[in-house]
Amino acid sequence: MPPLTLYSWPTPNGIKASIALEELGIEYNLEPINISTNIQKEDWYLRINPNGRIPALFDGTQRVFESGAILLYMADNYDPKRKISYPPGSPEYIEQVSWLMFQIGGLGPMMGQAEHFRLFTTTRSDYATNRYINETKRLYSVLDARLSESPYLAGSNYTIADIANWSWAQIGPAALELDLAEWPALKRWVEEISRREPVKRGLVIPNTGTSPEEVAERFRGFRARVDALGNTDAN
């Protein structure tokens, strides 16, 4: 049996781990964690990830939780040939970690809030929606500027920094109706990474049987529901 067990669901954070595993060609067990059922809040899972989120990883007896930590762990322990990482201590490694933290502290939280207020809220606030969508656009512009001068975020090689940021950036058109043509270098990078076979595999782990078209249609329904709510900012 493979020593690695991945606990995940195909969300922007969840697919970071599965894409990295697929890129490295590592065998692993998969434990689907359907977050819509709140299984991630059960006691047995909280012993794996005290924060009650996905993804999480067990490597033998070593637990690793939080998607950024999993990416760093995979690079440090399972990427001796540096397929998706730079050697620790190199200038490119520092750049790689910097862009990874950019996603963890910026792009992910801001897009997460934008998606909440645009898709999932039960109390509509146009102020909150615009605030977080505008911040997402600003962060897209930061990525676009970097990718205008470099093929990948950390330099000439595709790394865990690209995996982390792509996992969030690629969902913007479907979830938030963002047109990537506004950011040409970002669009080129998103499309290029989307064509990678390990990315295609990792994107649907676990496979819920829902197509991208069905996801986009579901998002349209969510937006229509929110649009029908009264804007509480006017009260």
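**Figure 1. Packing of helix α1 against helix α3 in the predicted model****.** Helix α1 (residues 12–24) and helix α3 (residues 67–78) pack at an angle of about 10°, and their axes lie 9 Å apart. Angles under 35 degrees count as roughly parallel, and α1 and α3 are therefore roughly parallel to each other. Their crossing is right-handed. On the α1 side, the contact is made by Asn13, Lys16, Ala17, Ala20, Leu21 and Leu24, while α3 contributes Ser67, Ile70, Leu71, Met74 and Tyr78. By class, the residues of this contact are eight nonpolar, two polar and one charged.

**Figure 2. Packing of helix α1 against helix α6****.** The view shows α1 and α6 packed at an angle of about 135°, with axes 9 Å apart. This angle makes α1 and α6 oblique to each other, because it falls in none of the ranges that count as roughly parallel, roughly perpendicular or roughly antiparallel. The crossing of α1 and α6 is right-handed. Helix α1 takes part through Pro12, Asn13, Ile15, Lys16, Ile19, Ala20 and Glu23, and helix α6 through Ile163, Ala164, Trp166, Ser167 and Trp168. The contact of α1 with α6 comprises eight nonpolar, two polar and two charged residues.

**Figure 3. Packing of helix α6 against helix α8****.** Helix α6 (residues 160–169) meets helix α8 (residues 184–194) at an angle of about 105°, with 10 Å between their axes. Angles of 65 to 115 degrees count as roughly perpendicular, and α6 and α8 are therefore roughly perpendicular to each other. Residues Asp162, Asn165, Trp166 and Ala169 of α6 form the contact with Leu186, Trp189, Val190, Ile193 and Ser194 of α8. Six of the residues in the contact of α6 with α8 are nonpolar, two are polar and one is charged.

**Figure 4. The largest pocket and its lining****.** The largest pocket holds about 1,900 Å³ of space. Its lining has 50 residues, of which Pro10, Thr11, Pro12, Glu115 and Phe219 are the closest to the centre of the pocket. Elements that give two or more residues to the lining are α1, α3, α4 (91–120), α7 (172–176) and α10 (212–227). Helix α4 gives the most, with nine residues. By class, the lining of the largest pocket divides into 25 nonpolar, 19 polar and six charged residues. Helices α1 and α3, shown packed together in Figure 1, are thus also among the elements of this lining.

Definitions and conventions:
Residues numbered from 1 in each chain as written. Predicted model: local features only at pLDDT ≥ 70, side-chain atom pairs only at ≥ 80, totals over all residues. Heavy atoms only, no water. Axes fitted to C-alpha atoms, helices over the stretch in contact; angles between N-to-C directions. Helix = DSSP H or I, 4+ residues; strand = E, 2+ residues; numbered from the N terminus. Parallel < 35°, antiparallel > 145°, perpendicular 65-115°, else oblique. Left-handed = near helix turned anticlockwise from the far one by under 90°. Contact = heavy atoms within 4.5 Å. Nonpolar A, V, L, I, M, F, W, Y, C, P; charged D, E, K, R; others polar. 1 Å grid on protein atoms, 1.4 Å probe; cavity = no way out; pocket = protein on both sides within 12 Å on 5 of 7 lines; lining within 4 Å. Points joined across faces, edges and corners; volume = space filled by probe spheres on them.
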